[in-house]
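This report goes through a protein chain step by step, from an annotated domain to single residues. Please keep the sequence and the model at hand while reading.

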Amino acid sequence: DSALPLQALGAEFPILAQAINGQPLAYLDNAATTQMPRQVMAAMRDFEEKERANIHRGVHTLSQRATDAFEAARATLKGFIGADKAHELVFTSGTTEALNLVAQGLWAGGPGKAWLRPGDRIIASGLEHHANLVPWQHAARMSGAELVILRPDAEGRLHLKDLEALLTPATRVLALTAGANATGERPPYEALLALAARAGALTVLDAAQAASHAVPHLSQIECDFMAFSGHKMYGPMGIGALAGRRAALERLYPLRLGGDMVDWVSYEAAGFAPLPARLEGGTPHVAGAVGMAAAAQFIDQTGREAIDAHVHALRAQAVAGLSQIEGITVLAPHATQSALVSFVAGGVHPHDIGTLLDERGIAVRTGHHCAQPLLEHLGLGPTTRASFALYNTPEEVDRMVAAVARALEMLR
Ligand code: PMP
């Protein structure tokens, strides 16, 4: 069983070795945040103990070491996502900031300079996390463009023909997820991005959910911008990245204006630095970048395909188990490439299920998962979501399914 070596890695995650409410912790909230292995923490601690200083332009040794560590982290992450010479990667505080940087960067900058203009069309898929929807609502308001939603079908799938019907010569942006955090849907993003790119749109991919197990390969897809977060791929919180085509990143008006992102400054005006500094104003989270790169290395040492196969198997086991329980509806049951299961139980509030699971040491997330329009479109309300990582085990899935069954008996 290829899953066994992975579970053994659970010992590398100190936080997992604890009891919650007297029961061994079964941490099934990995779509919100994954836990960190010792080697990621060690890389961050090493940086703080031996190399910490502000980066760039420092002549002293520690500043140079810190700069080298930051740039080495960038190089590692570019390799991790399959960036080539035409690509660049800028560090952000996470996926949310990365997507705001794109959306704002495409309307800001003054008349005649912005990519988005009145009458243009922005298409966002109906599967998006609020982080890839609300910034586009704002960009549309600020630019005079219209925001159009690529709606999923009743089962939460996106279709190429529906995108085709929405594409017009005025379409300037497609914003799409590589994995929907509320349902587990994995849309055919490669084909959808290619279609939009052919129509002349810039393409924006939210890879937050994919980065831990199925990271998109940047140079193999028609992707201008890709956003992801460290804390969802076994790395630290407060760090993330926006990667993409240099030519596309150069179109962005910077979100953070100030030090480190300028070439020259007078009292009246400033000239912005070239990429990547141009989009990285202020002191970055250098230890975070170091940790995020260490997390990418951890994933590659462990094996992307092994992780992917493991989490898919856990999701399939959870779907099969939950489907046996009367009254439970699993969202996107067809999604075989998913690392999470989201479900509703008629008449029972997810919050109550989540509370009863926590009493048994099982951590799941309940609510709208920052995707309220999608759940409303599907005719559903809040859901319960269990999401899997390399350290989870089939026994934990069994415990979760049994605890859900017991919770429903109590609550009905
Ligand atoms: N997009 C998706 C699909 C997500 O799942 C999340 C996190 N739940 C985000 C964006 C936002 O990521 P962050 O909170 O790290 O900025």
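UniProt positions are given in the numbering used here, feature names are shortened, and annotations may be inferred rather than shown by experiment. An unreviewed UniProt entry carries the annotation "domain: Aminotransferase class V" for residues 27-399. The model is predicted, so local features need pLDDT of at least 70 and side-chain atom pairs count only at pLDDT 80 or more, while totals for chains, interfaces and linings use all residues. Residues are numbered from 1 along each chain as its sequence is written, and side-chain values use heavy atoms, with hydrogens and water left out.

## Domain and helix α7

Helices (H or I, at least four residues) and strands (E, at least two) are DSSP runs, numbered from the N terminus. Over residues 27-399 the chain is 36% helix and 18% strand. The C-alpha atoms at the two ends of this range are 11 Å apart.

Buried means under 20% relative accessible area, exposed means over 50%, and partly exposed lies in between (1.4 Å probe, protein chains only). Helix α7 covers residues 189-198, and its buried residues are Tyr189, Leu192, Leu193, Ala194, Leu195 and Ala196. These buried residues pack against β6 (146-150), α6 (160-166), β7 (171-177) and β8 (202-206); contact means heavy atoms within 4.5 Å. After α7 comes Gly200, with a positive phi near 95°.

## Three buried residues

A polar contact is a pair of N or O atoms within 3.5 Å; within protein, one must be able to donate a hydrogen and the other to accept it, and residues adjacent in sequence count only if both atoms are side-chain atoms. The table gives one such pair for each of three residues.

| Side chain of | Partner | Distance |
|---|---|---|
| Arg121 | backbone oxygen of Leu166 | 2.7 Å |
| Thr92 | backbone oxygen of Gly94 | 2.8 Å |
| Asn132 | side chain of Trp136 | 2.9 Å |

Arg121 is part of strand β5 (residues 121-125). Arg121 counts as buried because its relative accessibility is 15%. Leaving aside neighbours within four places in sequence, the contacts of Arg121 include Glu146, Val148, Leu166 and Val173.

Thr92 belongs to strand β4 (residues 87-92). Its relative accessibility is 5%, so Thr92 counts as buried. Among its contacts, with neighbours within four places in sequence left aside, are Glu97, Leu101, Ile239 and Arg256. Thr92 and Gly281 are 189 residues apart in sequence, while their C-alpha atoms are 9.9 Å apart in space.

Asn132 sits in the loop between β5 and α5 (134-143). Asn132 is buried because its relative accessible area is 0%. Not counting residues up to four places away in sequence, Asn132 touches Leu99, Ala124, Ala175, Leu176, Val204 and Asp206.

## Pocket and cavity

On a 1 Å grid over the protein atoms alone, a cavity is a set of points where a 1.4 Å probe fits but cannot get out, and a pocket is an open set with protein on both sides within 12 Å along at least five of seven lines; lining residues have an atom within 4 Å of a point. Grid points are joined across faces, edges and corners, and a volume is the space filled by probe spheres set on the points.

The largest pocket has a volume of about 300 Å³. Its lining holds 28 residues, and those nearest its centre are Gln209, Ala210, His213, Gln337 and Ala339. Helix α10 (residues 304-323) gives the largest share of this lining, four residues. For the classes, Ala, Val, Leu, Ile, Met, Phe, Trp, Tyr, Cys and Pro count as nonpolar, Asp, Glu, Lys and Arg as charged, and the others, Gly among them, as polar. The pocket lining has 13 nonpolar, 11 polar and four charged residues.

There is one cavity of 30 Å³ or more. The largest cavity holds about 40 Å³ of space. Its lining consists of Ile55, His56, Asp260, Ala277, Glu280, Gly282 and Pro284. By class, these are three nonpolar, two polar and two charged residues.

## Backbone exceptions

Most residues other than glycine have a negative phi, and most peptide bonds are trans. Asp260, one of the residues lining the largest cavity, has a positive phi of about 75° although it is not a glycine. Asp260 lies in the loop between α8 (246-249) and β11 (262-265), and it is buried because its relative accessible area is 19%. Asn21 also has a positive phi, near 50°; its place is the loop between β1 (19-20) and β2 (23-24).

Which peptide bond is cis? The bond from Leu275 to Pro276 is cis, with omega near -5°. Pro276 lies in the loop between β12 (270-272) and α9 (286-302).
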